Amino acid sequence: MDGRTREYLKGRFGDHYRRSDISPPPAANEREWGYITWSSGGTTMVRHHSHLDLVGGGDLGDFLAGERPRHVYFSAGRYDDPGASSMGKKGWRGSDLVFDLDADHLPGVDPEADSYAEMLAECKEALLRLLDLLEQDFAFEDLTVVFSGGRGYHVHVRDPGVLELSRSARREIVDYVLGDGVDIEALIETEKVSGSSGRKTPADKRTLQNDGGWGRRLQTELNAFVEELDGLSDDEAMERLTAFDRIGEGKATTMLGAIRKQRDAIEAGNIDVHNALKTIAETLLTRVLEEQTAPIDEPVTTDINRLIRLPGSLHGGSGLEVQHIPRDELDSFDPLVDAVPETFVGNDISVYVREETTIRLGGESFRLSEGVHSMPEYVGVFAMARGHATKAAE
């Protein structure tokens with residue numbers, strides 16, 4: 001980024017902060033703060049500041065308007081002395097549980113082929129899956145959802161029960177969200193109903209643990225499958241069953257009879273209604289894990305000292321706002337419209353486009369060829385921040 005572009009963006013970021021009212025996170029004085037400057041020598045991170053160190057006698061808005069940082073962060077961790085110069089001296093008290101979803105790290109997303117808008121749309125679907133897991137399976141209530149201003153979303157969990165979780169406990173939550181280590185045997189409970197040798201006997205009862213978690217999710221999928229079969233003709237149901245690996249016509253015939261006679265038992269979790277039922281359940285579990293896990297950035301969640309972007313600040317790599325999204329507004333949220341800062345709307349600027357590119361922003365699509373162009377400022381800021389353009393002389 002050349003000097004003219006850097007100074008222009010720095011100045012306009014300052015204008016944005018003078019117009020904004022940015023609220024600090026809960027327990028702001030217990031957190032470490034950091035920011036990245038617009039220095040010409042690469043990425044310079046200034047960190048190990050307390051909130052008081054940062055703002056001095058003013059407030060957060062005064063600091064942002066004066067310093068005009070490229071990126072702004074606060075820590076997930078809370079400390080006795082957040083401004084201490086090393087992590088060992090800070091005195092850790094606890095940490096928010098933070099989840100990060102990056103669009104260009106998602107399975108099935110190709111950053112070279114997919115547009116920025118397409119990647120963000122895919123990331124939002126992953127976010128909805130993550131929130132479903134956090135709310136339904138963990139019953140977390142104090143959730144803050146944030147558009148990162150760049151490639152995805154953050155979720156901050158601040159329920160009191162999570163603050164003192166160790167790294168290893170957070171790792172277990174990560175494994176759950178990713179579906180790591182989940183297999184059919186882990187979800188089946190074996191109850192001894194006869195025999196005393198400790199070995200499995202034909203009378204042992206094997207039941208899908210369906211009162212919560214991945215067992216409940218698998219049971220829901222299994223119930224939907226059984227209901228689907230019940231609504232098919234015999235020929236259609238046979239075709240559906242024989243599509244599963246290791247289920248031939250004979251097994252399919254007896255399985256169909258068992259399903260129609262013992263549907264209640266299956267819906268109660270009885271996995272031994274027929275020996276082919278486990279085969280079906282295994283296949284359905286694979287589908288459940290593919291469709292309902294969330295591909296979070298693992299190190300972010302396990303790191304109790306992680307710095308995370310400040311909602312309300314600007315992302316120096318896009319010029320978009322790092323934006324808190326109320327939970328009931330998430331479905332309608334469009335980052336390429338709603339995160340465009342008002343500061344950059346209503347003005348046109350000239351930029352030199354370095355390479356042909358297409359930018360979709362503010363509800364419009366802009367196809368830009370190489371050369372000098374006049375365009376809405378928010379498009380120019382985005383192009384410059386992303387490295388597609390430089391500031392042209394007006």
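Thr37 counts as buried in this predicted model, because its relative accessibility of 16% falls under the 20% cut-off. The residue sits in the loop that links β1 (33-36) to β2 (45-49). From there the side chain of Thr37 gets to the backbone nitrogen of Ser39, at 3.3 Å. Leaving aside residues up to four places away in sequence, Thr37 touches Thr44, Val46, Glu67 and Arg70. Strand β2 also holds His48, which has a positive phi of about 60° without being a glycine. Most residues other than glycine have a negative phi. His48 counts as partly exposed, since its relative accessibility is 23%.

Now for the whole chain. The protein has 14 helices and 17 strands. Its radius of gyration comes out at 27 Å, well over the 21 Å that the globule rule gives for 394 residues, so the protein is more spread out than a compact globule. The C-alpha trace spans about 80 × 50 × 35 Å along its principal axes. Of the 394 residues, 49% count as buried. Looking at contacts with a separation of 6 or more, 65% join residues that are 24 or more positions apart.

At the N-terminal end of the numbering, helix α1 covers residues 3-19. Its 17 residues reach 25 Å from the first C-alpha to the last, close to the 24 Å expected at 1.5 Å a residue. The buried residues of α1 are Thr5, Arg6, Leu9, Gly11, Arg12, Phe13, Gly14, His16 and Tyr17. These buried residues pack against α3 (60-67), β3 (71-75), α14 (377-385) and β17 (389-391).

One of those packing partners, β17, belongs to an open sheet of three strands. The strand order there is β16-β13-β17, with antiparallel pairing. At the edges stand β16 (371-376) and β17, each of which pairs on one side only. From one strand to the next, the twist averages 40°. Strand β13 (residues 348-353) pairs with β17 in the antiparallel sense, over three bridges. Within that pairing, Val351 has Lys391 of β17 as its bridge partner.

Another open sheet has four strands, in the order β6-β8-β7-β12, and the pairing is again antiparallel. Its edges are β6 (97-102) and β12 (323-325); each has a single partner strand, so one side of each is left without a neighbour in the sheet. Neighbouring strands here are turned by 25° against each other on average, direction ignored. Six bridges join β6 to strand β8 (residues 152-157) in the antiparallel sense. Leu97 stands opposite Val157 of β8 in this pairing.

Helix α5 (residues 116-137) lies across three strands of the four-stranded sheet, β6, β7 (143-147) and β8. The helix runs at about 20° to β8. At 1.5 Å a residue, its 22 residues should span 32 Å, and the end C-alpha atoms are 31 Å apart, which agrees. Plenty of leucine shows up in the list of buried α5 residues, including Leu120, Leu127, Leu130, Leu131, Leu133 and Leu134. Tyr116, Ala117, Met119, Cys123, Lys124 and Ala126 are buried in α5 as well. Just after the helix comes Ala139, with a positive phi of about 60°. Ala139 falls in the loop between α5 and β7 and, like His48, is not a glycine.

His274, finally, lies in the loop between α10 (263-267) and α11 (277-292). His274 is buried, as its relative accessible area is 13%. The residue touches Lys251, Thr254, Met255 and Ala258, again not counting residues up to four places away in sequence. Its side chain also makes a polar contact with the side chain of Asn275, at 3.1 Å. As for distance across the protein, His274 and Gly61 are 213 residues apart in sequence and 66 Å apart in space, C-alpha to C-alpha.

Methods: Residues numbered from 1 in each chain as written. Predicted model: local features only at pLDDT ≥ 70, side-chain atom pairs only at ≥ 80, totals over all residues. Heavy atoms only, no water. Pairing = 2+ DSSP bridges. Helix = DSSP H or I, 4+ residues; strand = E, 2+ residues; numbered from the N terminus. Axes fitted to C-alpha atoms, helices over the stretch in contact; angles between N-to-C directions. Contact = heavy atoms within 4.5 Å. Expected span 1.5 Å × (residues − 1). Buried < 20%, exposed > 50% of the residue type's maximum accessible area, 1.4 Å probe, protein only. Polar contact = N/O pair within 3.5 Å; in protein donor to acceptor, adjacent residues only side chain to side chain. Rg over C-alpha atoms; globule rule 2.2 N^0.38 Å.
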